[in-house]
Amino acid sequence: MNKAGALKLQIIVCMLSLVILSACGQAAPTAATPTLTAAPTEAPTNTVTPIPTSTNTPEPTPVPGVQVYPVSSLSNSIPWLPLEKGKEPMAVYYGFNMEKPPFNNALVRQAFAAAIDREQIAQEAAGFKFRNVTPATSLTPPQVLGRDLYGEVGIPFNPSKAKDLLQQAGYTDVASFPTVTLIVSTRGEAAPGAYFRMAQTIVGMWETHLGVKVEIEVVGNMGAYIHRLQTNLPDMYQLGWGADLNDPDNFLRTLFHSGSELNYGHFNNQDFDRLVIEAANSSSPDKRQLLYIQAEEILAEQEVGVIPLYHTLYYQQP
């Protein structure tokens, strides 16, 4: 065999050896080759672009009540609305002697408020010829505040809640509730004696829903009536206030600021005072309205320094 043939045969044998080794799962021996160590490099990092999260802009807190006048129509001074002669807005309400039991307890005052059906009293008032009567759970008339807060601010009629509140106040046995007196005047707009007759209805509600008895005292002369409030304050009293100015300041600050001489029941709340003073000093109708609503929440709902009964138009007796 010549050299070329021997070389060819050697190649064939090598190839057969590779096939056999591969079939047996063995790697064919390879010649050692120098290993080149590459300079270490950092693996490229994947940069994740953060997805911006949607920022939820908080919704403005809704203003309680129903709009009567848009805020844009209110002046930036006091009064913020004109007053139409002969149609002065008026609030009729009950006040408390807050310096002696049982009405020095806010729970008792809340119970008495929750036991009055203002819808029924408003119907009676309309029957007694009061004008434009609407039931009230807050003091300031809607056409003065610019919003009607009925049923949203103040304490609505809720007999079961009223009874529960009285029990929370410690009167689980209503027989322990002291005898209290409500004074009213003989005035009554176009129907003399209307305040007394509505007081009879309300006293009946208190007896039905709370199980308590309230005596009614009538004082005829208005001068004598105010003198009684100033010198010998009863447990509860009835008053009506017709607007001198068509502005909430004329109701809230004038009647219930702790320093007011017309604050017969001695309602005293520092937060209320701060709110009505801040409102009076503000030139922003939006801000003033919100401050007055907060003041109403203290006066007619949290502290119940007053039980608003209904709103009407002032009747000037001849």
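In the predicted model, a single cavity of 30 Å³ or more is present. The volume of this largest cavity is about 30 Å³, and its lining is formed by Val92, Tyr94, Tyr195, Met198, Ala199, Gln238, Leu309 and Tyr310. Two or more of the lining residues are contributed by each of E2, H6 and E8, with H6 giving the most, three residues. In terms of residue class, the lining of the largest cavity comprises seven nonpolar residues, one polar residue and no charged residue.

Two residues of this lining, Tyr195 and Val92, illustrate how separate parts of the chain are brought together around the cavity. Tyrosine 195 belongs to helix H6, which spans residues 194–210. Its C-alpha atom is 9.7 Å from that of valine 92, although 103 residues separate tyrosine 195 and valine 92 in sequence. The relative accessibility of tyrosine 195 is 6%, so this residue counts as buried, the limit being 20%. Tyrosine 310, also part of the lining, has a relative accessible area of 1% and is therefore buried as well.

The second largest pocket encloses about 310 Å³ of space. Its lining consists of 15 residues, and those nearest the centre are Tyr69, Lys87, Pro89, Gln143 and Leu313. At least two lining residues are supplied by each of E3, helix H4 (142–145) and E8. The largest share, three residues, comes from E8. The lining of the second largest pocket divides into seven nonpolar, six polar and two charged residues. Strand E8 thus appears in the linings of both the largest cavity and the second largest pocket.

Aromatic contacts were searched for over the whole structure, and 12 aromatic pairs were found. A pair of aromatic rings is described by the distance of the centres and the angle of the planes. Phenylalanine 96 and phenylalanine 103 form a tilted pair, with a centre-to-centre distance of 4.9 Å and an angle of 40° between the planes. Both phenylalanine 96 and phenylalanine 103 are buried. Another pair, that of phenylalanine 130 and tyrosine 310, is edge-to-face, with the centres 5.4 Å apart and the planes at 80°. This pair connects distant parts of the chain: phenylalanine 130 lies in the loop between helix H3 (118–127) and strand E3 (131–135), tyrosine 310 lies in strand E8 (residues 306–313), and the two are 180 residues apart. Phenylalanine 130 has a relative accessibility of 5% and so counts as buried; for tyrosine 310 the corresponding value is 1%, and this residue is buried too.

A single aromatic cluster is formed by Tyr94, Phe96, Phe103, Phe112, Tyr171, Phe177 and Trp206. The cluster includes the tilted pair of phenylalanine 96 and phenylalanine 103, and Tyr94 in the cluster is also among the residues that line the largest cavity. A further arrangement involving an aromatic ring is found at tryptophan 80, where the charged end of arginine 288 sits over the ring, 4.8 Å from its centre.

Helix H8 (residues 249–256) is largely enclosed by the rest of the structure, because six of its eight residues are buried. The buried residues are Asp249, Asn250, Phe251, Leu252, Leu255 and Phe256. Their packing partners are strand E2 (89–96), H4, strand E7 (236–242), helix H9 (270–281), helix H10 (285–302) and E8. Among these partners, E2 and E8 also contribute to the lining of the largest cavity, while H4 and E8 contribute to that of the second largest pocket.

Burial is also found in a loop, at serine 138, located between E3 and H4. The relative accessible area of serine 138 is 2%, so this residue is buried. Apart from neighbours within four places in sequence, serine 138 is in contact with Leu149, Val153, Glu296, Ala300, Pro308 and His311.

At the level of the whole protein, the model contains 10 helices and eight strands. Of the 318 residues, 43% are buried. Among contacts with a separation of 6 or more, 76% are between residues 24 or more positions apart.

How values were computed. Residues numbered from 1 in each chain as written. Predicted model: local features only at pLDDT ≥ 70, side-chain atom pairs only at ≥ 80, totals over all residues. Heavy atoms only, no water. Phe/Tyr/Trp six-rings, centres within 6.5 Å; stacked < 30°, edge-to-face > 60°. Buried < 20%, exposed > 50% of the residue type's maximum accessible area, 1.4 Å probe, protein only. Helix = DSSP H or I, 4+ residues; strand = E, 2+ residues; numbered from the N terminus. Lys NZ or Arg CZ within 6 Å of the ring centre and 35° of its normal. 1 Å grid on protein atoms, 1.4 Å probe; cavity = no way out; pocket = protein on both sides within 12 Å on 5 of 7 lines; lining within 4 Å. Points joined across faces, edges and corners; volume = space filled by probe spheres on them. Nonpolar A, V, L, I, M, F, W, Y, C, P; charged D, E, K, R; others polar. Contact = heavy atoms within 4.5 Å.
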